[in-house]
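Reader: Hi! I'm just starting to learn how to look at protein structures. Could we go through this one together?

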Amino acid sequence: MSTTATVKLSLPLAYQQDIFREIREEDGLVIMARGLGLPRIVTNLLHAYDAAGDNLVLIIGAGERENKWIGDSLVEQAVISKGTKARGLFIVNTDAMNVGARKKLYGRGGIFSVTSRILVVDMLTNLINPETITGLVVLHAERVIATSLEAFIIRIFRQKNKDGFIKAFSDSPEPFTTGFSPLATMMRNLFVRRNMLWPRFDITVSKSLEAKKPEVVELEVGMTESMREIQIAILECIEASISELRRTNSQHLELEDWTVDSALHKDFDIIIRRQLDPVWHRVSYKTRQIVSDLTQFRELLHSLLSEDCVHFNRGLENILATNTPKPGTTRQTQSPWLFLDAAHTIFTVAKRRIYTGDIGIGKEDVANGIPAGLVPRLEEQPKWAVLTEVLQEIERDLYANAVPMDTSNGVTLIMCSDEATCRQLREYIQHMNERVPKEKYDNDEEESQDEGKASATIMLRRKLRSYLNWKRESKKAFATLFSEQDQQPDPAGKRGLEYHRGRAPPNKRRRVRGGASAVAGPSRASGGAIVIPDDDSSHVAQLATSIQPNELEKGVKQEIVDDPMENMEDYYELFDLKDLVVIHPYDGDNDEHLLEELRPRFVIMYDPDAAFVRRVEVYRSSHNERNIRVYFMSYCDSVEERRYLSAVRKEKDAFTKLIREKSTMAVTLTTDGHGITDPQEQFLRTVNTRIAGGGRLIATADPPRVLVDVREFRSSLPSLIHGRNMVIVPLMLTVGDYILTPDICVERKSIKDLISSFKDGRLYNQCEVMFNHYKYPMLLIEFDQNKSFNLEPFADMSAGSTINNSDLQSKLVLLTIAFPKLRIIWSSSPYQTAEIFEELKKNLDEPDPVKAIQAGLEEGEDAMNIYNQTPQDMLRAVPGITVRNYKNIMVELENMMELANLEEAEINKIVGKESGRQVHRFFNRNIYE
């Protein structure tokens, strides 16, 4: 197989050429900083192998987006190089492609992107011979942990192919710095000996990017006083929550070095939850609520800086509504932070950003004799005004320089953090030059507004009308909901009265700190509900009347949702590229293609993003003839700025740790994929040493064999079994998940799957079928050792309680009563399960794959012709579908849509009356019931 060919590479920068040269010559792990052009290096490497024409290269770890830009880039480079042997990218990502088609594709060779679950089965069944594979290209190498399918694939490949290459890539250095010797561990999983680190501060990278710098204009935008007050209040709530977690969970959490800055990262609450998972069943409800609140705080900080004032306040009211208990109940389920003084500041200031006025009942305006009502304020985001100034400056620049001086298109590109911000800016730019006539209720500040200044009044008035309508309808919905619940008998009501009998009722007294009035901040009503001072309904009604759309607003063009595309010549025309303003969200590596396609002259970074800054640097340095000006906008002294600087510092610290570990790391020599390299030792492991009692000394050169259902490759257990030197044979099993011996069949259930299997009765059918075909059926209940799981102790149950269908322990008891000979195995982790399987197989015969496939099949039925697997799994999850009747449906019907559209009588003919009723009810049930 040839891997050398004269190809034309598209790597204009020196550091990109160095990386390509190093990774082409030697296997290794490349870790780059985000935004330095990793996709370009990967596609050039793949093109070099594709142009040779006789290579079989597999890409693992690629998602749908990666497949798209790899495929497009390979086609583009093949055209540029004028290669005759290049065939592009083949994608194998669905079970719909049958075995024969995949085998033919593999035999032709080329560049293949295969999903991990399909590839591991194809390699174990020898559908693709690992010895014929030229090499593997691993994307997202940070995800290749010991229990992942990608690590399983690499291990199989290296065991059977000592000469093929393994080249891994990653642009996320942070995951390589957690744990003990994380870089060495990851390299061991990848079976590579060399790592290549390319941070932004590398000398070669710095020289390449600083030779031609883009023109950058930094714009520090000041927040309004109201936004600053809300941000400080939210940070106070975060600090109080972290202090409470530290106080109540000091034995479970390592929070000594965590500060408010740590809470700004998106993985902060995930880290806390991961630490609490082993004891999650023992922590208090308050702790669980605080962990959930930390995610909410981060979302609030993002909403404060990105959303308009109306949507932000609407989000706060949703939070308040979800924490409002049913009227009359004494159960306290509210988030603790809602009772802080800072929470009162958040709610009151957020409302003040929308409208102001004296809401005191009884006060009247002397001139008009009407109640002093609410006046819309509609505070605009400060970035909007700065964005308008930037767009005006760009327009003047384009007018002054009508003749382009370079090959840029003159497009203005605005980059935002998400799609919601893009929609907001599109609407703002569309209506910023339209103005509402002054009304008599407007205040002096509005009357003195500059006529030539852009304004978001049209947009915010429309959103305020929508908000008031939503508020009115939501109150009706809550009233209806609570009234319906009040009509239903509440069995917990009597228990609550009995529970509090003989002691003071809850919330009888409330301590008021500092001698303040009890209504100064958030308080509890008699039922425990949170009370936030609200506006009088008459004033809100007056406000709604005052902002009714006038003639100008009625004529405003609304955003087009469904365009029939009729009479295009009357409504559409071709724009000059210099008049084009593109608003786009950050989209990772796809932003590189966006810059190449648009060739913008001006880029406005509405939200800061370190990776995109580097992509602009790479774009400018790669094109000498294209100039680009970047406007970098950020709120000064804000969470946005702190998060940006913290992310840059975190990546730099990660590379510093990796460089330090690389300098002291021992060289890994055993990268052949074999846990046992001595043939004699491998032989002795298969010797039966139980010769007492007349036993014979039995030795076999074949390692132990386990038959595994192909659906089980979604879990990590097959990989761990293979790691214990047992042969994995993937089959389409009808009975059981794992066949250990001719007599032992194991049905594996996770906790979630166990509960759902009891709920739909599937487990009883599975146990019955196992007993029909195997002597020792076993139920394996496996839970994660890093997550909490416990059953309620029988001692905690009341003496008079009986077995019921809602309790998991009761269901297990009923199952053992129905099947007394069923063995139940409890396993704390997949590692322990693999060890249990190894012990169960000792000194026993190996299972027969042919008999295992035929078990449970009808006479003459072929397991290889059994339908598409994903719809089959969906079908078996439908209520009423059992092991006995699901085959009838697959024979009679073509797809799930046909089943969903059948009448109940037609379904009854296929599966029976009772099952047909359940199936028909499932597909025709109202989702609001």
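Author: Happy to! This is a predicted model, and we can begin with the crossing of H10 and H11, which is left-handed.

Reader: Okay, and what angle do H10 and H11 pack at?

Author: The angle is about 165 degrees, and their axes are 9 Å apart. H10 covers residues 268–276, while H11 covers residues 285–306. Since angles over 145 degrees count as roughly antiparallel, H10 is therefore roughly antiparallel to H11.

Reader: Nice. Which residues in H10 and H11 meet?

Author: H10 brings Phe268, Asp269, Ile272, Arg273 and Leu276. From H11 come Thr287, Val291, Leu294, Thr295 and Arg298. By class, this contact of H10 with H11 has 5 nonpolar, 2 polar and 3 charged residues.

Reader: Can we do another pair? How far apart are the axes of H5 and H6?

Author: Those axes are 9 Å apart, and the helices pack at an angle of about 30 degrees. Here H5 is residues 116–124 and H6 is residues 149–160. H5 and H6 are therefore roughly parallel to each other, and their crossing is left-handed.

Reader: What makes the contact there?

Author: On the H5 side you'll find Ser116, Arg117, Leu119, Val120, Met123 and Leu124. H6 adds Leu149, Glu150, Phe152, Ile153, Ile156, Phe157 and Lys160. In this contact of H5 with H6, 9 residues are nonpolar, 1 is polar and 3 are charged.

Reader: And H35 with H36: is that crossing left-handed or right-handed?

Author: H35 passes H36 in a right-handed crossing. The axes of H35 (residues 904–911) and H36 (residues 913–924) come within 7 Å and cross at roughly 135 degrees, so the two helices are oblique to each other.

Reader: Who's touching whom in H35 and H36?

Author: Glu904, Ile907, Asn908 and Val911 of H35 make the contact with Lys913, Ser915, Gly916, Arg917, Val919 and His920 of H36. The contact of H35 with H36 divides into 3 nonpolar, 4 polar and 3 charged residues.

Reader: Switching topics: how many aromatic pairs are there?

Author: Searching the whole structure turns up 13 aromatic pairs. There is also an aromatic cluster formed by Phe90, Tyr106 and Phe112.

Reader: Cool! One last thing, which ring does the charged end of Arg24 sit over?

Author: That would be the ring of Tyr49, with the charged end of Arg24 at 5.0 Å from its centre. You can look at Lys383 too: its charged end sits over the ring of Tyr606, 5.0 Å from the ring's centre.

Reader: Thanks, I'll go and find those in the viewer!

Key: Residues numbered from 1 in each chain as written. Predicted model: local features only at pLDDT ≥ 70, side-chain atom pairs only at ≥ 80, totals over all residues. Heavy atoms only, no water. Phe/Tyr/Trp six-rings, centres within 6.5 Å; stacked < 30°, edge-to-face > 60°. Lys NZ or Arg CZ within 6 Å of the ring centre and 35° of its normal. Axes fitted to C-alpha atoms, helices over the stretch in contact; angles between N-to-C directions. Helix = DSSP H or I, 4+ residues; strand = E, 2+ residues; numbered from the N terminus. Parallel < 35°, antiparallel > 145°, perpendicular 65-115°, else oblique. Left-handed = near helix turned anticlockwise from the far one by under 90°. Contact = heavy atoms within 4.5 Å. Nonpolar A, V, L, I, M, F, W, Y, C, P; charged D, E, K, R; others polar.
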